[in-house]
Amino acid sequence: MPAIEALPDSSREEEPASAIHDGGRDAFVRMMRDNNQRLYRIVRAMVPSDHEAEDIVQETYVRAFRAFADFRGEASTATWLTRIAMNETRDRQRRRRPTVLLDEVTNVLPMEVDRTMNETELRRNDPEAATARAEIRRYLERAINDLPEGLRGVFALRAFEERSTLEVADILDLKPETVKTRYHRAKAMLRDVIDAEIHSALDEAFPFGGTRCNRMVALVLDRLARN
């Protein structure tokens, strides 16, 4: 494994791939800082904990450094790192997934029901999950309030009261086809609003910067120095 030496000042503008290929510490550090947030968010969306996501990203950099001699630049460094991270994530998921012979499977339904109930109970007791539900509820309430008047009544009766199309038509003195159309429009409008809110919040999902970014860089450099 090549030693991680600091790059001379004249090499500061080199592409990270070529600089790291030659064992440049500064280029390697820049590469990690440039990719920490992106890789962490991708991995964190696939694994259940912050700790595991950080561990996978750290392992990604270690594997990348050791394999840079074989990197031919056929894809961007970012794409290459993403592939390594995804492969590491999938490998861990496969190792974690239990293998059971088909003739050993019994009581599948009760087990699934118990697991679902336990997960639901955990979510209910999770303060962060409760905060997220409250925020989504506020989005939804605002979106319902903004529905055109002719759609709000139909939506309330169909969604909240769970009335049938025919019942709503009778209560509001509308044709059943009109009820179906208005309910479909109301759901589409609400979906668009919620989608827009969620999309705007995606930039803030699974943040990984500042102290956490610095810690990741330090941990990877320490591992490489010890190996």
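User: In this predicted model, are phenylalanine 155 and tyrosine 183 buried or exposed?
Analyst: Happy to start there. A residue counts as buried under 20% relative accessible area, and phenylalanine 155 comes in at 9%. Tyrosine 183 falls into that class too, so the answer for phenylalanine 155 and tyrosine 183 is buried.

User: What kind of aromatic pair do phenylalanine 155 and tyrosine 183 form?
Analyst: Their ring centres are 6.1 Å apart, with 40° between the planes. Planes under 30 degrees apart would count as stacked and those over 60 as edge-to-face. The pair of phenylalanine 155 and tyrosine 183 is therefore tilted.

User: How many residues apart in sequence are the parts tied together by phenylalanine 155 and tyrosine 183?
Analyst: Phenylalanine 155 sits in helix 7, which covers residues 149-160. Tyrosine 183 belongs to helix 9, residues 176-202. The pair therefore links parts whose separation in sequence is 28 residues.

User: Which residues form one aromatic cluster?
Analyst: Phenylalanine 155 also pairs edge-to-face with phenylalanine 160, at 5.8 Å centre to centre and 80° between the planes. Phenylalanine 160 is exposed, with 56% relative accessibility. The cluster is made up of Phe155, Phe160 and Tyr183.

User: Which helices each supply at least two residues of the largest nonpolar core?
Analyst: That core has 27 residues, and Phe28, Met32, Tyr61 and Val220 have the most contacts inside it. Valine 220, for its part, touches Phe28, Met32, Gln58, Tyr61 and Val62, leaving aside residues up to four places away in sequence. The helices that each give at least two residues to the core are helix 2 (25-44), helix 3 (50-67), helix 4 (77-96) and helix 10 (211-226).

User: Where do the buried residues of helix 8 fall, seen down its axis?
Analyst: Helix 8 spans residues 165-172, and its Thr165, Val168 and Ala169 are buried. On the other side, Leu166 and Asp170 are exposed. The buried residues keep within an arc of 100°, so they line one face of the helix.

User: Which helices hold arginine 92 and aspartate 55?
Analyst: The side chains of arginine 92 and aspartate 55 meet in a salt bridge, 2.7 Å from N to O. Arginine 92 is buried at 15% relative accessible area, while aspartate 55 is partly exposed at 29%. The bridge ties together parts 37 residues apart in sequence, because arginine 92 lies in helix 4 and aspartate 55 in helix 3.

User: Is glutamate 88 buried or exposed?
Analyst: Glutamate 88 meets arginine 63 in a salt bridge of 2.8 Å, N to O. Arginine 63 is partly exposed, with a relative accessible area of 34%. Glutamate 88 has 3% relative accessibility, so it counts as buried.

User: What separates aspartate 222 and arginine 226 in helix 10?
Analyst: These two form a salt bridge, with their closest N and O atoms 2.8 Å apart. Aspartate 222 is partly exposed at 37% relative accessible area, and arginine 226 is exposed at 57%. Because they are four residues apart in helix 10, their separation is about one helical turn.

User: Which residues are joined into one network by salt bridges that share partners?
Analyst: The structure holds 11 salt bridges. Among them are arginine 92 with aspartate 55 and arginine 63 with glutamate 88. The network joins Asp55, Glu59, Arg63, Glu88, Arg92 and Arg223.

Notes:
Residues are numbered from 1 along each chain as its sequence is written. This is a predicted model: local features need pLDDT of at least 70, side-chain atom pairs count only at pLDDT 80 or more; totals for chains, interfaces and linings use all residues. Side-chain values use heavy atoms; hydrogens and water are left out. A nonpolar core is a set of buried Ala, Val, Leu, Ile, Met, Phe, Trp, Tyr and Cys residues joined through side-chain atoms within 4.5 Å. Buried means under 20% relative accessible area, exposed over 50%, partly exposed in between (1.4 Å probe, protein chains only). Contact means heavy atoms within 4.5 Å. Rings of Phe, Tyr and Trp (its six-membered ring) pair if their centres lie within 6.5 Å; planes under 30 degrees apart count as stacked, over 60 as edge-to-face and the rest as tilted. The arc is that of the directions from the helix axis to the C-beta atoms. A salt bridge is a side-chain nitrogen of Lys or Arg within 4 Å of a carboxyl oxygen of Asp or Glu.
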